[in-house]
Amino acid sequence: MIRSLYIRVVLTFLVSVIAGTIIAFFASTWMFEDKLNENAQINLRNFGQDIVRIYKTLPLREADLFVSEMKQLDSYHIRIYEATGQFQSYGKLNGHKPATVTMEQLKKVIDGGVVQVTPNGIASVLLGLPLKTEMGTKAMFLETLAPPSSSFVANWAMIFATCSLIAGSLLILVASIFLVRPIKKLTKATKRIAAGDFNVKLNIKQTSELGTLARSFEEMMHDLQQLEQMRREFVSNVSHEVQSPLTSISGYAQALKQVSLTDHERSRYLDIIITEAQRMSKMSDSLLKLSLLESQSQQLRLVTRSLDEQIRRVIVTLQPQWSARNIQFDLNLKAVHLTADHDLLNQVWTNIIGNSIKFSMDGGIINVSIKQDIKNVIVRISDTGIGISLEDQKRIFERFFKADRSHSRKYGGSGMGLAIVKQIISLHQGDIRVESEPGQGTTFFVTLPVTSTE
């Protein structure tokens, strides 16, 4: 492809230069043809009148001698005709074919008329004038040869056109190398990326369209590198999350085969197998849900409902979790009606408040408040739990990420909840952010537009 592009650039330039030169030549010829003929006619008429005066002033023999030695004969050819058709010519033709003089033209000039024609195109004029001598009236026909000035212009134009073509061809050959070089780099980089190598440096500093393309390519390459890293982490996390319950299920299933187990042990093993199976099922459901949300095929079912009532219902639903640990709620819920997909938002409040309960100390307090301005509704959910480190705050919305790695056995969870929350809020064109300090608790701020659009 690169080679064909290179050839196409060169051929396009050559065709353009050649076609432009030809068009310019014919256009200039057409534009200046009349002007050249007019100048040639004026010069020829003036020269002819000078010769008429010479023959009128000098004797015939002296006039013939004077005319034969004139320098103007390099550009003009003279024929002096008798009435019988015989003529005497002056000047060298130098390969020029003289125009034919008809008897009708000859008779007209002998009778005192003037003949003027342009038989051979540009700057070629035949002029017939009556010539009165002491031997009677004769017919003088003057004809322009190829004028030196016209010949010079034609030669100069040809040399100029040739030099322009050669110089232009060399320049385009050099320029095309620099034009094609970035494309070659892009092609090589594409092949390396296709092979899985994202460590590619283009070093294209141009500011033209190719430079813009190169920068867009580098951005795409960076995004692909991040995507590949996320894919690898995702596969690793899924493998780890699936392997743990599978190991438990396999181990306890093997233990159930022992005959010596008591009924209590057998029941406990079965409970563990059921719990791990439910954990895998929940993780599978979460993955499917997140995949559906990220594919943007999820259609929001927008309805207008009371947001404060929805949050109260979520807190009541979670009462078995917080009342058993003597956790209190401090609510400051302003009455707000919000147009949104409330089924999805219900999952948002369930996940965030559920995490606040999970990571709060026994007897802790969870604050939930709602504020509203002209455009947005802001929900603030704050707890007094174990908190999140600054480093982990940057990643808590990634799938499978667990900020409590050292307490994963104690708190459990698949690390999918906040990733789903983030995606649901994004679908509503909202925003979520977190503020936290280890040991001081965590606060989530959810911002939603008053009227969401699909």
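**Entry 1: the E4–E5 hairpin**

I started at a hairpin, where 2 residues join E4 to E5. This is a predicted model, and I read it as such. E4 covers residues 126-133, and strand E5 covers residues 136-144. I checked the pairing of E4 and E5: it is antiparallel, over 8 bridges.

How many residues of E4 are buried? I found 6 of the 8, so E4 is largely enclosed by the rest of the structure.

**Entry 2: Thr 133**

I next looked up Thr 133, which lies in E4. Its partner across the pairing is Gly 136 in E5. The side chain of Thr 133 also reaches the backbone oxygen of Gly 136, at 2.8 Å.

Is Thr 133 buried or exposed? Its relative accessible area is 14%, and the cut-off for buried is under 20%, so Thr 133 counts as buried. I then listed its contacts, leaving out neighbours within four places in sequence. Thr 133 touches Tyr 55, Leu 60 and Lys 138.

**Entry 3: Gln 116 on E3**

I moved to strand E3, residues 115-117, which holds Gln 116. E3 pairs with E4 in the antiparallel sense, over 3 bridges. Opposite Gln 116 in E4 stands Leu 127.

I noted the exposure of Gln 116: a relative accessible area of 32%, partly exposed. Which residues does Gln 116 touch, beyond those up to four places away in sequence? I wrote down Gln 41, Arg 45, Val 125, Leu 126 and Leu 127. With Arg 45 there is a polar contact between side chains, at 2.9 Å.

I also took one C-alpha distance here. Gln 116 and Leu 129 are 13 residues apart along the chain, and their C-alpha atoms are 8.9 Å apart.

**Entry 4: the open sheet**

I turned to a sheet further along. It is open, has 5 strands in the order E7-E9-E10-E12-E11, and its pairing is mixed. Which strands form the edges? They are E7 (328-332) and E11 (431-437), and each pairs on one side only. Neighbouring strands of this sheet are turned by 10° against each other on average, ignoring direction.

I looked closer at the E7 edge. E7 and strand E9 (residues 365-372) run parallel and are joined by 5 bridges. One bridge I traced pairs Gln 328 with Ile 365 in E9.

I picked Ser 369 as a residue within E9. Ser 369 is buried, at a relative accessible area of 13%. Setting aside neighbours within four places in sequence, Ser 369 contacts Asn 332, Leu 333, Ile 378, Val 379 and Arg 380.

**Entry 5: helix H7**

I asked what lies across this sheet. Helix H7 (residues 307-317) lies across E7, E9 and strand E10 (376-382). H7 runs at about 165° to E9.

Which residues of H7 are buried? I noted Leu 307, Asp 308, Gln 310, Ile 311, Val 314 and Ile 315. Their arc around the axis is only 160°, so they sit on the same side of H7. On the face turned away from that buried side I found the exposed residues Val 316 and Thr 317.

I followed Ile 311 further. Not counting residues up to four places away in sequence, Ile 311 touches Leu 333, Trp 349, Ile 353, Val 368, Ile 370 and Val 379.

**Entry 6: the nonpolar cores**

I then checked the largest nonpolar core, which has 41 residues. Which members touch the most other members? They are Ile 311, Trp 349, Ile 353 and Val 379. Elements that each supply at least two residues of this core include H7, E9, E10, helix H12 (417-427) and strand E12 (441-449). Helix H9 (342-359) is also among them. H9 gives the most, with 7 residues.

There is a second, separate core of 21 residues. Among its members I noted Ala 40, Ile 51, Leu 73 and Val 125. Val 125 is also one of the contacts of Gln 116.

**Entry 7: whole-chain totals**

I closed with the chain as a whole. It comes to 12 helices and 12 strands. Of its 454 residues, 36% are buried. I also looked at contacts between residues at least 6 apart in sequence: 66% of them join residues at least 24 apart.

Conventions. Residues are numbered from 1 along each chain as its sequence is written. This is a predicted model: local features need pLDDT of at least 70, side-chain atom pairs count only at pLDDT 80 or more; totals for chains, interfaces and linings use all residues. Side-chain values use heavy atoms; hydrogens and water are left out. Two strands pair if DSSP finds at least two bridges between them. Helices (H or I, at least four residues) and strands (E, at least two) are DSSP runs, numbered from the N terminus. Axes are lines fitted to C-alpha atoms, for helices over the stretch in contact, and angles run from 0 to 180 degrees between N-to-C directions. Contact means heavy atoms within 4.5 Å. Buried means under 20% relative accessible area, exposed over 50%, partly exposed in between (1.4 Å probe, protein chains only). A polar contact is a pair of N or O atoms within 3.5 Å; within protein, one must be able to donate a hydrogen and the other to accept it, and residues adjacent in sequence count only if both atoms are side-chain atoms. A nonpolar core is a set of buried Ala, Val, Leu, Ile, Met, Phe, Trp, Tyr and Cys residues joined through side-chain atoms within 4.5 Å. The arc is that of the directions from the helix axis to the C-beta atoms.
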